[in-house]
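Student: I would like to learn how to read the contacts and salt bridges of a protein model from its coordinates. Could we take it feature by feature, with the general idea before the particular case?

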Amino acid sequence: MNQKEVVINFCGYLKYETIGDILSDLKEQISKYNLKVVIHKKIVTVTIESLENMYKYYLNVKDPRISNNSRPPIFMVEKTENEFLIHTGNTLFKKDVPVLVERLEIINNRTKDELKELYKNIITDGQFSMKGGAGLGFIEMAKMSGHKLDFYFEELDDDVSYFNLAVKITLN
Amino acid sequence: MKQLIIPKTDFAPRINFDSTNKTFEVTGVSRPENAMQFFEPALNWLEAYIDELSKGSNVEGTYILTFRLTYFNSASARFIFRILEYFKRLQLLGCQIQIDWYYDKGDDIIIEDGEDLSKAIDIPFNFVQK
């Protein structure tokens, strides 16, 4: 049986400073695993990109339909014998779901070299099929992971969905 | 031109652009809350500097851009590339440029980041272990 251990668990709305606090806690928690530099860096990178997406997205959706919703954002890191799983969850407008799905499916259908090329194209001339800074963040997460980004959406009501994302970092 | 010094914080790098010594350094962690706002003074300084040089100032000597970044987020990557673009312009003005990319032992990720940026700007970097 592949047992899972919760390394860190955060639930609630982020201030920018909270990202640094979560990062410090996470680094302290993962220090006991004596991870290789590269694995440590991958976990930290995905964590920062995830938390910054959650923080920036929240700034964009200060709408009573979402802020009154009972489902706050979450961030959790789990460890199994062979991998770390970095989970995030946050609300978004239902109307924004198709665009996000398309973006994530584009990323999931790219090889590592194709992701690097996509990343380079965005940083050099800003061309990407979607608006918003979050595109680079997802690409960076996919590059670090080397696996498909695992995502699904839950409908909370007529206007609001909840976006769940899990990013895998394998230890080998 | 006056030297530009932006002190380091827990989430933003130290920037030290010294026109007298022709040394330009970016050091630390880069994940500022607003990357555009953070990097704007540095980019404006470089714009003004190159403008001055292009009007016939002395371009002798080597212009050394040094990155000692332990981490930079995806939002910072665009602006790091913009800094590199200014150095490309220096090169096109006839200046001798050198780009040093420092890395910690075992940090293959920051090495790869440097390699990718070097390819993107088409300037060879010197990779230096700290």
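**Reading the interface and its charged pairs**

Tutor: Let us begin with the interface: about 2100 Å² is buried between chain B and chain A, and carbon and sulfur atoms give 55% of that area. Three residues, Arg31(B), Arg78(B) and Ile109(B), supply 30% of what chain B buries against chain A, which is more than any other three residues do. Please keep in mind throughout that this is a predicted model.

Student: How many residues of chain B are in contact with chain A, and how many of chain A take part?

Tutor: On the side of chain B there are 22 residues, and they are in contact with 26 residues of chain A.

Student: What count of polar contacts and of salt bridges should I expect between the two chains?

Tutor: Between chain B and chain A there are ten residue pairs in polar contact, with both residues at pLDDT 80 or more. The elements of chain B that give two or more residues to the side touching chain A are strand E4 (62–72), helix H2 (74–92) and helix H3 (108–121). The largest share, seven residues, comes from H3(B). By residue class, this side of chain B divides into ten nonpolar, four polar and eight charged residues. As for salt bridges, the count between chain B and chain A is four.

Student: What is the general idea behind such a charged pair, and which case shows it across the two chains?

Tutor: In general, side chains of opposite charge can pair when their charged atoms come close. Here, the side chains of Lys41(A) and Asp107(B) meet in a salt bridge, at 2.8 Å from N to O. A search of the whole structure finds 15 salt bridges over all chains. Lys41(A) lies in helix H2 (residues 37–60) of chain A, while Asp107(B) lies in the loop between strand E5 (96–103) and H3 of chain B, so this pair joins two chains.

Student: Are Lys41(A) and Asp107(B) buried or exposed?

Tutor: A residue counts as buried under 20% relative accessible area and as exposed over 50%. Lys41(A) is at 11% relative accessibility and is therefore buried, and Asp107(B), with a relative accessible area of 4%, is buried too.

Student: Where should I look for a salt bridge within a helix?

Tutor: Look at helix H6 of chain A, where Lys143(A) and Glu140(A) both lie, three residues apart, about one turn of the helix. Their side chains meet in a salt bridge at 3.1 Å, N to O. Lys143(A) counts as buried because its relative accessibility is 10%, and Glu140(A) counts as buried because its value is 5%.

Student: Which residues is Lys143(A) in contact with, once its neighbours within four places in sequence are left aside?

Tutor: With those neighbours left aside, Lys143(A) is in contact with Leu115(A), Lys116(A) and Tyr119(A). Lys143(A) and Asn108(A), moreover, are 35 residues apart in sequence and 10 Å apart in space, taken from C-alpha to C-alpha.

Student: What of the pair Lys55(B) and Asp51(B), and are these residues buried or exposed?

Tutor: The side chains of Lys55(B) and Asp51(B) meet in a salt bridge at 3.2 Å, N to O. Lys55(B), with a relative accessible area of 66%, is exposed, whereas Asp51(B), with 37%, is partly exposed.

Student: Which residues are linked in a network of salt bridges?

Tutor: The network links Lys112(A), Lys116(A), Glu112(B) and Asp116(B).

Student: Turning to the backbone, which residues other than glycine have a positive phi, and where do they lie?

Tutor: One of them is Lys22(B), whose phi is near 60°; its place is in the loop between strand E2 (14–18) and strand E3 (23–30) of chain B. Asp122(B), also not a glycine, has a positive phi of about 60°, and it lies in the loop between H3 and strand E6 (126–129) of chain B. At 16% relative accessibility Lys22(B) counts as buried, whereas Asp122(B), at 59%, counts as exposed.

Student: Finally, what is a disulfide in general, and how many does the structure hold?

Tutor: A disulfide is a covalent bond between the sulfur atoms of two cysteines. Over all chains, the structure holds zero disulfides. Among the cysteines, Cys11(A) counts as exposed at 52% relative accessibility, and Cys95(B) counts as buried at 5%.

Terms used
Residues numbered from 1 in each chain as written. Chains lettered and ligands numbered in written order. Predicted model: local features only at pLDDT ≥ 70, side-chain atom pairs only at ≥ 80, totals over all residues. Heavy atoms only, no water. Contact = heavy atoms within 4.5 Å. Buried area = accessible area lost by both parts, 1.4 Å probe. Polar contact = N/O pair within 3.5 Å; in protein donor to acceptor, adjacent residues only side chain to side chain. Helix = DSSP H or I, 4+ residues; strand = E, 2+ residues; numbered from the N terminus. Nonpolar A, V, L, I, M, F, W, Y, C, P; charged D, E, K, R; others polar. Disulfide = S-S within 2.5 Å. Buried < 20%, exposed > 50% of the residue type's maximum accessible area, 1.4 Å probe, protein only.
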